[in-house]
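Hello,

Here is the structure I promised to pass on. Have a look at it first, and then read my notes below.

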Amino acid sequence: MKVIAHSPQLISAAEALRLVFLPRWRQHPPCLRKSVPLRDQHLNLQHRNYGPRNKASTAGPSNDGPIRDEGIRASEIQIVGQDNSLQPPASLRGSLASIDRSTQFLMQVGEKVHPRFADAPGPDEGQRDDRPKIPVCKIVDKLSYRQAKIAKAKPKKNPSTLSKEVELNWTIGPHDLDHRLKKMREFLKDGRRVEVVFGKKRRGWMQRKDVTEGKAKGLLEMIRDQAATVEGSKEWKALEGEEGGEMRMFFEAKGNKSK
């Protein structure tokens, strides 16, 4: 039998260096490397989670709200104290850490030249002040702020739609009548509508037989004359009821305002 002798396999110097210095996984041909399915790669990306952001850190300026908390674009701020005096500059981060974030927030209300640059030469007249600025902030109570915002959003009441009543009776004395007519004029000057009420049952009223027709007409004329002393006053609605009985007169004074 013929014996074939095997000689050791020889490699080049470059191949030897590649085997020594390259990582082991790089030594295998591409076809032998273990591949990760695309589906598993997608899952790996989804699980790369660094935890939720702090909600407070997203409380920056909004289109319809103030500049607040981390939305303040500065590393230092000055806070307005309770006596409206400015406190020395402090770091924004430290100021946020010093308040109760669950019930309070920092709101920027303006800006001013930073105290460190207050003595630097200012701009010429008509020129922009390029000296560094520092935000001026207030510590705001969240509940009070929300309540004020809700109250501001409510439509303002028009004083002219707020009616006031002045109660009279057909046999009222001169002193009481002067006092009631004075109140009527004051309401009209305030821009309010006034209803002059005769014979309201809850106060009691004199029977018709106690009032003559002439006295009733004279009293109505006096009321109209007194209302006319207020600029712009008029009866905006025809009187209701009957002379000597229950009756209402309706006055307003357009253009008056001492609100």
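**Strands, helices and salt bridges**

V194 has F251 of strand 8 as its bridge partner. Please keep in mind as you read on that this is a predicted model.

I began with strand 8 and its neighbours. Strand 6 (residues 193-198) is joined to strand 8 by five bridges, and the two run antiparallel. Strand 7 (residues 233-241) also pairs with strand 8 in the antiparallel sense, here over six bridges. In that pairing, K234 has E252 of strand 8 as its bridge partner. Strand 7 and strand 8 form a hairpin with five residues between the strands, and in this hairpin G244 takes a positive phi near 85°. How much of strand 8 (residues 247-253) is buried? Six of its seven residues are, so to call the strand mostly covered is fair, given that buried stands for under 20% relative accessible area.

Next comes the open sheet. Four strands make it up, in the order 2-1-4-3, and the pairing is mixed. Its edges are strand 2 (90-91) and strand 3 (104-113), each of which pairs on one side only. Strand 1 (residues 76-79) and strand 4 (residues 133-141) run parallel and are joined by two bridges. If you want a place to start looking in strand 4, try C137, the bridge partner of I79. Helix 4 (residues 142-153) lies across strand 3 and strand 4, and runs at about 90° to strand 4.

Now for a pair of helices. Two packed helices are described by the angle between their axes and the distance between the axes. For helix 5 (residues 174-189) and helix 6 (residues 213-228), the axes come within 10 Å and cross at roughly 40°. The two helices are therefore oblique to each other. Their crossing is right-handed. On the helix 5 side the contact is made by L177, L181, M184, R185 and L188, while helix 6 brings L219, M222, I223, Q226 and A227.

Last, the charged side chains. A search of the whole structure finds 13 salt bridges. One of them is between R101 and E70, at 3.2 Å from N to O. Why does this pair deserve a look? R101 lies in the loop between helix 3 (92-97) and strand 3, and E70 in the loop between helix 2 (38-46) and strand 1, so the salt bridge ties together parts that are 31 residues apart in sequence. R101 counts as partly exposed, at 23% relative accessibility, and E70 is also partly exposed, at 29%. Both residues belong to a network of salt bridges that links R68, D69, E70 and R101.

Two other salt bridges are worth finding on screen. R128 forms one with D130, with the closest N and O atoms 2.9 Å apart. Are these two residues buried or exposed? R128 counts as exposed at 68% relative accessibility, and D130 counts as exposed at 56%. The other salt bridge joins the side chains of E240 and K237, at 3.1 Å from N to O. E240 is partly exposed, with a relative accessible area of 36%, and K237 is partly exposed too, at 35%.

Happy to go through any of this with you.

Best wishes

Notes. Residues numbered from 1 in each chain as written. Predicted model: local features only at pLDDT ≥ 70, side-chain atom pairs only at ≥ 80, totals over all residues. Heavy atoms only, no water. Pairing = 2+ DSSP bridges. Contact = heavy atoms within 4.5 Å. Axes fitted to C-alpha atoms, helices over the stretch in contact; angles between N-to-C directions. Buried < 20%, exposed > 50% of the residue type's maximum accessible area, 1.4 Å probe, protein only. Salt bridge = Lys/Arg side-chain N within 4 Å of Asp/Glu carboxyl O. Parallel < 35°, antiparallel > 145°, perpendicular 65-115°, else oblique. Left-handed = near helix turned anticlockwise from the far one by under 90°.
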